[in-house]
Amino acid sequence: MVIWAAELRRAVRSGRAIVLLGLYSMFSALVLLVVGFVTRELQAQVNAKLAESGADSEVATRAAEEMHRGVLGFLASNDTAMMEALAQVPIVVLIVFKITLFFLPAYIALMGFDQVSGEVGPRSMRYLTVRARRSSVLLGKFLSQATLLVGLVLVIDLAIFIYARILNDDFAVGTLVLNLLKFWSATIVFSLAYVALTSLCSSLFRSPAVSLVFNFILLFVFWLMDSVGRSVSEANLLRFLRYLSPSYYSTNLLHPKLAEFAVSGAAYAAFAAVFLFGAYGVLRTRDL
């Protein structure tokens, strides 16, 4: 706990939290504005074509609902239960959530690539390990990065939901709060495995730059495994590759059924444990 608090204070005082919040918020704002613009333009074109054909407002409303249902089905993998649970959430929120979740692992790598290698390289780690066990040092650094990320994600998610509330009068405050907590929790579960992966990559090398490059390589490998596993037929043995990628389990993080969410949550917890144990194994045998 002492190391966690000290690392968190150092990260906040160094201004890193402000810079990271700025980068994450700028990216999220850009995605939000682009998605919102495209959504409004598509809806305007549909309404214009319906108006040219002489359709009344009821037909336009049904067309908008059909388009909303089609996009929602695509985002929810046509899962009926999930579509019903997310029906009241504006589409722009769902699209931004999917896009930011895809890029979040890279953001996490940029946030914590030097959490261990930044201490091992200049050999300042030896002064920490004199007063604390290596496992405590690693866990403290992991928890400080996770705490910082949880706070940053909450700020960005809150801004996205407020923006969606301003644009959608039918997005009730109660529904907003409930779904904000749901989306925030899903992002936390998703993120912790990647924070642990960053800890592992940072423990493997003395140079922070090399740790960052290796982290990006692993992220690409995981994405490739998931993509290949999803694209091949069920008779192909390569389909099992997707189960070895953390991103495969993100689909059910917003699922209303506890059993479906629990499977995804357990998978991310297992990935986080494997990565952290790997980081500890490396740090335990390393000459500091």
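Reader: In what order do the elements of the protein chain run from the N terminus on?

Author: This is a predicted model, and its elements run α-α-α-α-α-α-α-α-α-α-α from the N terminus. That gives 11 helices and 0 strands in the protein chain.

Reader: Happy to start there. How much of the protein chain counts as buried?

Author: Of its 288 residues, 40% count as buried. The accessible surface comes to about 15,100 Å², and 68% of that belongs to carbon and sulfur atoms. As for contacts between residues at least 6 apart in sequence, 71% join residues at least 24 apart.

Reader: Let's go to the salt bridges. How many does a search of the whole structure find?

Author: The search finds 3. One of them joins Asp-226 and Arg-230.

Reader: What makes the contact of Asp-226 with Arg-230 a salt bridge?

Author: The closest N and O atoms are 2.7 Å apart, and the cut-off is 4 Å between a side-chain nitrogen of Lys or Arg and a carboxyl oxygen of Asp or Glu. The pair therefore meets the definition. In general, side chains of opposite charge can pair when their charged atoms come close.

Reader: Where do Asp-226 and Arg-230 lie?

Author: Both are in helix 10, 4 residues apart, which is about one turn of the helix.

Reader: Why is Asp-226 called buried?

Author: Its relative accessible area is 8%, and buried means under 20%, so Asp-226 qualifies. Its partner Arg-230 has 41% relative accessibility. Partly exposed runs between 20% and 50%, so Arg-230 counts as partly exposed.

Reader: Which residues does Glu-234 pair with in salt bridges?

Author: Glu-234 pairs with Arg-239, at 3.6 Å from N to O. Glu-234 also pairs with Arg-242, where the closest N and O atoms are 3.2 Å apart. Both values are within the 4 Å cut-off, so both pairs are salt bridges. Shared partners join Glu-234, Arg-239 and Arg-242 into one network.

Reader: Is Glu-234 buried or exposed?

Author: Exposed: its relative accessible area is 51%, and the cut-off for that word is over 50%. Arg-239, at 17%, is buried, and so is Arg-242, at 10%.

Reader: Now the surface. Which residues form the nonpolar patch?

Author: Phe-102, Phe-103, Val-213, Ile-217, Phe-220, Val-221, Trp-223 and Leu-224 form it, with about 760 Å² of accessible area together. Helix 5 (91–112) and helix 10 (208–231) are the elements that give two or more residues to the patch. Helix 10 gives the most, with 6 residues.

Reader: What makes Val-221 accessible enough for a patch?

Author: Val-221, placed in helix 10, has a relative accessible area of 35%. Patch residues need over 30%, so Val-221 passes that test. The 35% value also makes Val-221 partly exposed.

Reader: Which residues does the "transmembrane region" annotation cover?

Author: The UniProt annotation, from an unreviewed entry, covers residues 17–38, 91–113, 142–164, 176–197, 209–225 and 261–283. In the model, residues 209–225 are 100% helix and 0% strand, with end C-alpha atoms 25 Å apart. Residues 176–197 are also 100% helix and 0% strand, and their end C-alpha atoms lie 32 Å apart.

Reader: How do you know how the reach of helix 11 compares with what is expected?

Author: Helix 11 (residues 258–285) has 28 residues and reaches 40 Å from its first C-alpha to its last. At 1.5 Å a residue the expected value is 40 Å, and the reach is close to that.

Reader: Which helices do the buried residues of helix 11 pack against?

Author: They pack against helix 6 (117–120), helix 8 (134–167), helix 9 (173–204) and helix 10. Among these buried residues are Gly-265, Tyr-268, Phe-271 and Leu-276.

Reader: Why is Phe-261 called partly exposed?

Author: Phe-261, found in helix 11, has a relative accessible area of 25%. That value is between 20% and 50%, so partly exposed is the right term. Leaving aside neighbours within four places in sequence, Phe-261 is in contact with Val-189, Asn-252, Leu-253 and His-255.

Reader: One last one: why does Ser-250 count as buried?

Author: Its relative accessibility is 18%, and the cut-off is under 20%, so Ser-250 counts as buried. Ser-250 sits in the loop between helix 10 and helix 11. Not counting residues up to four places away in sequence, Ser-250 touches Leu-101, Phe-190 and Tyr-268.

How values were computed. Residues are numbered from 1 along each chain as its sequence is written. This is a predicted model: local features need pLDDT of at least 70, side-chain atom pairs count only at pLDDT 80 or more; totals for chains, interfaces and linings use all residues. Side-chain values use heavy atoms; hydrogens and water are left out. Patches are made of residues with over 30% relative accessible area and no salt bridge: like charges are joined within 9 Å, nonpolar side chains (Val, Leu, Ile, Met, Phe, Trp, Tyr) within 5 Å. Accessible areas come from the Shrake-Rupley method with a 1.4 Å probe; for residues, only the protein chains shown count as cover. Buried means under 20% relative accessible area, exposed over 50%, partly exposed in between (1.4 Å probe, protein chains only). UniProt positions are given in the numbering used here, feature names are shortened, and annotations may be inferred rather than shown by experiment. The expected span of a helix is 1.5 Å times one less than its number of residues. Contact means heavy atoms within 4.5 Å.
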